[in-house]
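Trainee: Before I use words such as buried or salt bridge, I would like to learn how each of them is earned. Could you take me through the reasoning with the model in view?

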Amino acid sequence: MFAFTTEPAYAQQADAADRLAGYKKEFHFPVKDGREVIYFCGNSLGLQPHSVQAAIETELNTWRELAVGGYFNGKNPWLYYHQYCIPTLAKMMGAKDNEITVMNALTVNLHLLMLSFYKPTPSRYKVIMEAGAFPSDQYAVETLVKHFGFDPDDAIIEIAPRAGEKIVRTEDILTTIHSTGDSLAMVLFGGINYYTGQLFDLAAITKSAHAVGAIAGFDLAHVAGNVPMQLHDWKVDFAVWCSYKYLNAGPGAIGGVFVHEKHAGNADTPRLAGWWGNDEKTRFKMEKGFIPKTDASGWNISTSQVFNTAALKASLELFEKAGIENLRKKSLHLTAYLEYLLQQLPHLNFEIITPSDPEQRGAQLCLYFRERGKEIHDKMISSGIIVDYREPGVIRVAPAPMYCSFEDVYRFYEILKTNF
Ligand SMILES: *Cc1c(COP(=O)(O)O)cnc(C)c1O
């Protein structure tokens with residue numbers, strides 16, 4: 001599909017033709033030995049957009065000058081602060097505006113949404129998830145089923161790759177959902193597995209969960225800002241994600257939530273509530289009796305976390321301009337180029353665990369080094385390449401299309417080729 005070469009001219013031409021190339025200068029890059037690093041760690045913590053500082057200063061000014069008046073009369077009235085993030089996130093997630101909100105942080109939201117949707121009975125209580133899910137998700141599901149009095153070993157069904165394989169087959173997920181049938185209460189999958197980089201078929205998983213009467217929920221931490229979704233059309237019940245990975249909203253940034261309108265629009269959908277999810281017409285009457293907002297923000301509990309959300313708001317302005325479809329298109333090219341160049345380095349004795357099918361992955365490639373993994377990682381870091389390392393021997397490399405260039409990928413290859 002792409003006519004790659006190992007000549008540096010390929011990268012130069014691809015950058016020259018890249019209409020998103022200008023976004024690189026909107027970000028702060030760490031500097032090592034007088035040169036900006038090659039930052040391939042946006043799957044862990046995205047870079048800081050230049051605009052974030054001014055966005056936070058705006059709110060500091062409002063607080064200083066208007067104090068409590070900032071809720072109504074600030075430049076961006078705080079009362080509605082979560083709303084400023086919704087339209088762009090809705091586009092990225094393929095959702096309606098009334099299906100999106102931002103609040104809290106990822107694992108907290110995962111708990112809150114699971115508590116809304118996991119309604120186990122003595123016969124229907126099982127949860128299907130991917131084996132090797134992010135630990136926080138594993139802990140969340142483990143403690144959820146225990147909270148309802150079930151034994152995690154019995155209630156949780158993990159789907160692993162087949163013996164000798166590294167990624168999960170979609171057919172195995174669907175077959176397990178089907179065979180669990182009436183005893184399945186919920187499927188809770190990562191959208192992209194954080195470790196292997198495998199992107200799952202959310203539409204198919206949702207469809208088969210619904211076919212047996214179960215709920216389909218997803219953790220989209222590695223999807224948000226990386227791969228566009230169609231959550232509404234796929235009829236996903238709920239999804240949660242963080243905003244500090246590809247969304248570049250900073251450490252501990254406010255989390256994102258999708259609740260399908262068939263649930264969000266129904267005031268009877270159970271939830272653990274607080275005043276920020278109450279109908280705005282009666283919120284400040286301070287009366288008894290929770291009246292939920294009939295959109296996803298009916299799950300908001302506490303007053304807006306303004307400073308935290310300001311960074312996301314600023315970052316999303318870049319996504320709004322760049323367009324998630326354009327970013328994905330660039331990402332497919334960039335990651336395929338990275339894959340091609342890596343394939344020219346057999347002497348490093350590694351394998352790429354991430355699926356080679358571009359439809360089954362996002363920006364990230366997961367490299368498994370059969371030997372010297374940690375040593376190679378340390379050497380990358382000292383060469384000005386920021387990537388992360390996981391035992392045993394795995395280096396995850398994620399060129400985020402918002403701020404990584406083809407030349408970054410080429411430099412990465414060149415350093416590996418000449419110094420390793
Ligand atoms: C990054 C990540 C988390 C982290 O959760 P926090 O609550 O934001 O600390 C959880 N789950 C997945 C799948 C992740 O990728």
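Mentor: Let us begin with a definition: a salt bridge is a side-chain nitrogen of Lys or Arg within 4 Å of a carboxyl oxygen of Asp or Glu. Please keep in mind that this is a predicted model.

Trainee: What makes E280 and K293 a salt bridge?

Mentor: The closest N and O atoms of E280 and K293 are 2.9 Å apart, and because the cut-off is 4 Å, the pair qualifies as a salt bridge. The pair links distant parts of the chain, with E280 in helix α12 and K293 in the loop between α12 and α13 (306-322), 13 residues apart.

Trainee: Why is K293 called buried, and why is E280 called partly exposed?

Mentor: Buried means under 20% relative accessible area, and partly exposed lies between that and the bound of over 50% for exposed. K293 has 8% relative accessibility, so it counts as buried, whereas E280, with a relative accessible area of 31%, is therefore partly exposed.

Trainee: How do you know that D182 is exposed?

Mentor: The relative accessible area of D182 is 62%, and exposed means over 50%, so the word applies. D182 forms a salt bridge with R124, where the closest N and O atoms are 4.0 Å apart. R124 itself has a relative accessible area of 22%, so it is partly exposed.

Trainee: Where in the chain do D182 and R124 lie?

Mentor: D182 is in the loop between α8 (170-180) and β9 (184-190), while R124 is in the loop between α5 (106-117) and β7 (126-130), 58 residues apart.

Trainee: Why is M103 called buried?

Mentor: M103 has a relative accessible area of 3%, and since buried means under 20%, the conclusion follows. M103 is in strand β6 (residues 100-103), and beyond its neighbours within four places in sequence, its contacts include L112, I254 and W299.

Trainee: What makes W275 partly exposed, and where is it found?

Mentor: W275 has 38% relative accessibility, so it falls in the partly exposed range. W275 is found in the loop between α11 (261-264) and α12 (280-283), and F72, W275, F284 and M286 make a nonpolar surface patch of about 460 Å².

Trainee: Which residues touch the most other members of the largest nonpolar core?

Mentor: They are L220, W241, M380 and F412, in a core of 96 residues. This core draws at least three residues from each of domain 1 (8-49 + 323-419) and domain 2 (56-320).

Technical notes:
Residues numbered from 1 in each chain as written. Predicted model: local features only at pLDDT ≥ 70, side-chain atom pairs only at ≥ 80, totals over all residues. Heavy atoms only, no water. Core = buried A, V, L, I, M, F, W, Y, C linked by side-chain atoms within 4.5 Å. Buried < 20%, exposed > 50% of the residue type's maximum accessible area, 1.4 Å probe, protein only. Domains from an automatic or database assignment. Patch = residues over 30% accessible without salt bridge, like charges linked within 9 Å, V, L, I, M, F, W, Y side chains within 5 Å. Areas by Shrake-Rupley, 256 points an atom, 1.4 Å probe, with all protein chains shown as cover. Helix = DSSP H or I, 4+ residues; strand = E, 2+ residues; numbered from the N terminus. Contact = heavy atoms within 4.5 Å.
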